[in-house]
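Work through the exercises below with the sequence and the 3D view open. Try each task before reading its solution.

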Amino acid sequence: GTKTISIPFFPNNAPRVAPNLSQVFTDRLQDKFITETSLKLVPEDGDLSFSGQIIRYDVSPAASGGADQAALSRLTIAVSVDFTNNIKDDSWNRTFSQFGDFDRTQNLSDVEDELIEEITEVLVTDIFNQAVVNW
């Protein structure tokens, strides 16, 4: 009986903001459900409904190198997701977090777009799997 899904824009409310992250994340999440299910995307009140926000976007040292210097830097993205299945009267709220590492000698701006794509892909898969596990 599940026919529709609504996935509105996920704003980036993290202290640090990447200009394209919200759009990339929202588009990838919508695309995952459209291409891998028979659900129709609707603007609101879908049989399955998502909402949420990006709550973390930061860079930290990832691996120790020589002389107490980090050999790798880590970009971490976390998303708070509210999910409701209006057909089964089921809902959950969960934070999903993933990261990608890059060489400390690289500037984030040089690898940011690629890392956002990679991390978003894993986040979207995790969210998709959590949402459809009981279908």
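The exercises that follow deal with salt bridges and helices.

This is a predicted model, in which local features need pLDDT of at least 70 and side-chain atom pairs count only at pLDDT 80 or more, while totals for chains, interfaces and linings use all residues. Residues are numbered from 1 along each chain as its sequence is written, and side-chain values use heavy atoms, with hydrogens and water left out.

**Exercise 1.** Find the salt-bridge partner of E36 and state whether each residue is buried or exposed to some degree.

Solution.
- Step 1: A salt bridge is a side-chain nitrogen of Lys or Arg within 4 Å of a carboxyl oxygen of Asp or Glu. A search of the whole structure gives four of them.
- Step 2: The partner of E36 is K32, with 3.1 Å between the closest N and O atoms.
- Step 3: Both residues belong to helix α1 (residues 21–36) and are four residues apart, about one turn of the helix. Helices (H or I, at least four residues) and strands (E, at least two) are DSSP runs, numbered from the N terminus.
- Step 4: K32 is buried, because its relative accessibility is 11%, whereas E36 is partly exposed at 47%. The cut-offs are under 20% relative accessible area for buried, over 50% for exposed and in between for partly exposed (1.4 Å probe, protein chains only).

**Exercise 2.** Locate R74 and D101 in the chain and describe the contact that they form.

Solution.
- Step 1: R74 and D101 form a salt bridge, their closest N and O atoms being 2.7 Å apart.
- Step 2: This pair links distant parts of the chain, since R74 is in strand β4 (residues 70–85) and D101 is in strand β5 (residues 90–103), 27 residues apart.
- Step 3: R74 is partly exposed at 23% relative accessibility, and D101 is partly exposed at 33%.

**Exercise 3.** Describe helix α2 and how α1 packs against α2.

Solution.
- Step 1: Helix α2 (residues 108–132) has 25 residues and spans 34 Å from first to last C-alpha, close to the expected 36 Å. The expected span is 1.5 Å times one less than the number of residues.
- Step 2: α2 has a kink of about 35 degrees centred on E114.
- Step 3: The axes of α1 and α2 are 9 Å apart, and the helices pack at an angle of about 45 degrees. α1 is therefore oblique to α2; angles under 35 degrees count as roughly parallel, over 145 as roughly antiparallel, 65 to 115 as roughly perpendicular and the rest as oblique.

Methods. The bend at a residue is the angle between axes fitted to the seven residues ending there and the seven starting there. Axes are lines fitted to C-alpha atoms, for helices over the stretch in contact, and angles run from 0 to 180 degrees between N-to-C directions.
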